[in-house]
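This briefing introduces a protein structure to a reader who has not met it before. Please keep the sequence and the model in view while reading the points below.

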Amino acid sequence: MRTWGPSAVLAAALLVPASMLSTPATAGTRAPARRLPAGSPPCPNVPAPATRPPQPPPAADPVARAVGGAALATAGLTLPPAAPAPPAVTATSWVVADLDTGAVLGGCGPHEYGVPASVQKLLLAAAMLPRLEPDREVTVTAEDLAIEPGSSAVGLVAGGRYRIETIWLGLLLKSGNEAANALARLGGGPDGTAGGIRAMNTEARRLGALQTHAVTPSGLDGPGQFTSAYDLALIARACFADPAFRRYSATRTARVPAQPALRAKAFQISNDNMLLDHYPGAIGGKTGFTDLARHTYVGAAERGGRRLVVTLLGAEVTTQRGWQQGAALLDWGFGLPRDAAVGRLVRPGELDRAAASPTGAASALAGGAGLGGAGAATTGAWPGTGPSVAVGAMLVAGGALLLARRRRHAALAALPPGTASRGAAPEDD
């Protein structure tokens, strides 16, 4: 289950009067983000499907919606000043961000709740890659193969012996749901798959993905399972920081070994992420689809020494597939100046550290802070705030904590105990 301690402190920062968080114009602050005028491409440009999740998302939380900057707390488009209009895609929410600096270049409903489908497997990777030795040989069980009929699978066999690296390739190239179950079980400790799912949710909190809650390791739909485009960008950034993930995600083809004792032949698998074959500079990503989530996508590319990631949720395939919509948004992002931003991706552990620092809480909500790359400070105050924010935050911290606890109590009561729905929609991607 979620732990909401850091959010209570962030709530304290939200209650600081706006005048205390403002910076004089002479301080050279970044110009405010803008919304597009009427007549511009809507966000999204098609209605969302009538399908509803088996459990509605938690109530909108102003704390979580402001993480990374106040300009991200919108259901519509948020763009840098003077930026051209982005391409009209069908995704209900999306984000384009810089993997290296953490700058959020723009987005549509960055903190709106969505259903992840197989891009959930990136959270599994972020949680389990550090736990599992790639050369270790393991046995796949019948429990691992208990997936929804017709959902995506690699073709692993019960009783088969595979290197963990092979299972990772099956997960990231072919979106194998049995591979997801095996990895969650193997990395979940004594509690197996349930422990793996708990580890995923712990990792989401560590990364600052406050709107993400995993119920299944594969992304097959389950009640209470949600994420956001902003959260996916945080998760993707953590994944692409891992050399093993980068290698797996960029692999075009791989061989799954034979299992002679089980009369199973060897076979080859190919990467389903078409961005790798059709977008110059593509470095990887993940596709996803369920009837509920519709098309979801995460893709990353490098151009001119700059690495960008795009995340999108709830897309419909009318004239473009999910990866093509992602490619169009990447083109848009690469066309922006290097200093363009509407917010930032918080760093792993930053929100936890902010729990002990009122000025850190203010920084986590500041879209212009901490964009200087790996060596930049990320827990300091927003430029121009200084001690006044700390004093104001401390004055309201008690009341904010009470409000946050009440709000979180209601949200937690709505969350499921962490079990998957047996009636989940099959995954096609």
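Helix 8 is mostly covered, with 11 of its 12 residues buried. The model discussed here is predicted. The points that follow take up this helix, then the nonpolar cores, a helix pair, the salt bridges and the overall make-up.

**Helix 8**
- The buried residues of helix 8 are A229, Y230, D231, L232, A233, L234, I235, A236, R237, C239 and F240.
- Helix 8 covers residues 229-240, and at 1.5 Å a residue these 12 residues should span 16 Å. The C-alpha atoms at the two ends are 16 Å apart, which agrees with that expectation.

**Nonpolar cores**
- The largest nonpolar core contains 66 residues, and I167 and W168 are those with the most contacts inside it. Helix 8 supplies the largest share of this core, namely nine residues.
- Leaving aside residues up to four places away in sequence, I167 touches V138, V140, L156, Y162, A179, A182 and L183.
- A second core, separate from the largest one, has 29 residues. Among them are L79, A91, W323 and A341.

**Packing of helices 6 and 7**
- Helix 6 (residues 177-187) packs with helix 7 (residues 192-207) at an angle of about 90°, and their axes are 6 Å apart. Because angles of 65 to 115 degrees count as roughly perpendicular, helix 6 and helix 7 are described as roughly perpendicular to each other.
- On the side of helix 6, the contact is made by N181, A184 and R185. On the side of helix 7, G192, T193 and G196 take part.

**Salt bridges**
- The count of salt bridges comes to 14.
- One of them joins the side chains of D100 and R307, with a distance of 2.8 Å from N to O. This pair links distant parts of the chain, 207 residues apart: D100 is in the loop between strand 2 (93-98) and strand 3 (103-108), whereas R307 is in strand 10 (residues 306-315).
- The two partners differ in exposure: D100 is partly exposed, with a relative accessible area of 34%, while R307 is buried, with a relative accessible area of 17%.
- E316 forms a salt bridge with R294, and the closest N and O atoms are 2.9 Å apart. E316 lies in the loop between strand 10 and helix 11 (322-334) and R294 lies in strand 9 (residues 294-303), so this pair ties together parts that are 22 residues apart in sequence. At 16% relative accessibility, E316 counts as buried.
- Salt bridges with shared partners join D135, R163, E165 and R247 into one network.
- Within this group, the side chains of R163 and E165 meet in a salt bridge of 3.4 Å, N to O. R163 counts as partly exposed at 32% relative accessibility, whereas E165, at 15%, counts as buried.

**Overall make-up**
- The protein has 14 helices and 11 strands.
- Of its 429 residues, 57% count as buried.
- Among contacts in the protein with a separation of 6 or more, 74% are between residues 24 or more positions apart.

Terms used:
Residues are numbered from 1 along each chain as its sequence is written. This is a predicted model: local features need pLDDT of at least 70, side-chain atom pairs count only at pLDDT 80 or more; totals for chains, interfaces and linings use all residues. Side-chain values use heavy atoms; hydrogens and water are left out. Helices (H or I, at least four residues) and strands (E, at least two) are DSSP runs, numbered from the N terminus. The expected span of a helix is 1.5 Å times one less than its number of residues. Buried means under 20% relative accessible area, exposed over 50%, partly exposed in between (1.4 Å probe, protein chains only). A salt bridge is a side-chain nitrogen of Lys or Arg within 4 Å of a carboxyl oxygen of Asp or Glu. A nonpolar core is a set of buried Ala, Val, Leu, Ile, Met, Phe, Trp, Tyr and Cys residues joined through side-chain atoms within 4.5 Å. Contact means heavy atoms within 4.5 Å. Axes are lines fitted to C-alpha atoms, for helices over the stretch in contact, and angles run from 0 to 180 degrees between N-to-C directions. Angles under 35 degrees count as roughly parallel, over 145 as roughly antiparallel, 65 to 115 as roughly perpendicular and the rest as oblique.
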